[in-house]
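I opened this notebook to record what I looked up about the ligand site and the cysteines beside it. The entries follow the order in which I checked things.

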Amino acid sequence: MSRPPVVLAVCLGNICRSPTAEAALREAAEAAGMEVTIRSAGTGGWHVGHPPDERMRRAAAEDGLHLSGTADRVTPAELAEADLVLAMDRSNLADLQELARQAGVDARIHLYREFDPEAGDGDLDVPDPYYGGPDGFAEVVDMVRRTAPEVLARLRAGTAP
Ligand code: 4NP
């Protein structure tokens, strides 16, 4: 039996960027009337079981986006199950590719901002806000929110990379 596609957003700690992407993707899927399973995880395990970072939650809430869930560390099985794995930055991408390679898993892993309609010629990272000021968190919200509808649209159209 076919199941809805699974999209997995991954950052380092799973307490800032990927929970925000998860919420934005869920919101976009609802708006588009699409049935999609959205998950998020981190490549590191330091924050497993923790809720999203308070600063990230506040910045998202200021923009009307509600973050939920607790942090998880990504597993090879999750990579294998996901139809699309979206890394928040190039470091996360490299770590995920290595994890998949070591586990012998065939995963479809891309940078989240490959879908960003406003991505210019610069790098495609969602910058890690953890050690920075409040502007970094607001920037994450902007980036992931404007990009989420494009992820869903291309997934639906079958034109995702
Ligand atoms: P995230 O941000 O990868 O967007 O969740 C970070 C969270 C925690 C740490 C680094 C980045 N940390 O070093 O604990």
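I took a polar contact to be a pair of N or O atoms within 3.5 Å, and I kept in mind throughout that this is a predicted model.

Entry on polar contacts. With that cut-off I looked at the backbone and found an oxygen atom of the ligand 2.9 Å from a polar backbone atom of Cys 16, and likewise a ligand oxygen 3.0 Å from a polar backbone atom of Ile 15. I then turned to side chains, where a polar atom of His 47 lies 2.8 Å from an oxygen atom of the ligand. On its own the ligand has 360 Å² of accessible area, of which the protein covers 93%.

Entry on the surroundings. I listed the residues around the ligand, among them Cys 11, Cys 16, Arg 17, His 47, Asp 128, Tyr 130 and Tyr 131. When I sorted this shell by class, I got six nonpolar, three polar and two charged residues. I also checked the pockets, and the ligand sits in the largest pocket.

Entry on the cysteines. Since Cys 11 and Cys 16 both belong to the shell, I asked how many disulfides the structure holds. The count is zero. For Cys 11, the closest cysteine sulfur is that of Cys 16, and I noted that no bond is possible because the two sulfurs are 6.9 Å apart, which is too far; the cut-off for a disulfide is 2.5 Å. Cys 16 is accordingly in no disulfide. I finally looked up accessibility, and Cys 11 counts as buried at 2% relative accessibility, while Cys 16 is buried with a relative accessible area of 5%.

Methods. Residues numbered from 1 in each chain as written. Predicted model: local features only at pLDDT ≥ 70, side-chain atom pairs only at ≥ 80, totals over all residues. Heavy atoms only, no water. Near = heavy atom within 4 Å. Polar contact = N/O pair within 3.5 Å; in protein donor to acceptor, adjacent residues only side chain to side chain. Areas by Shrake-Rupley, 256 points an atom, 1.4 Å probe, with all protein chains shown as cover. 1 Å grid on protein atoms, 1.4 Å probe; cavity = no way out; pocket = protein on both sides within 12 Å on 5 of 7 lines; lining within 4 Å. Sits in = over half its atoms within 2 Å of the grid points. Nonpolar A, V, L, I, M, F, W, Y, C, P; charged D, E, K, R; others polar. Buried < 20%, exposed > 50% of the residue type's maximum accessible area, 1.4 Å probe, protein only.
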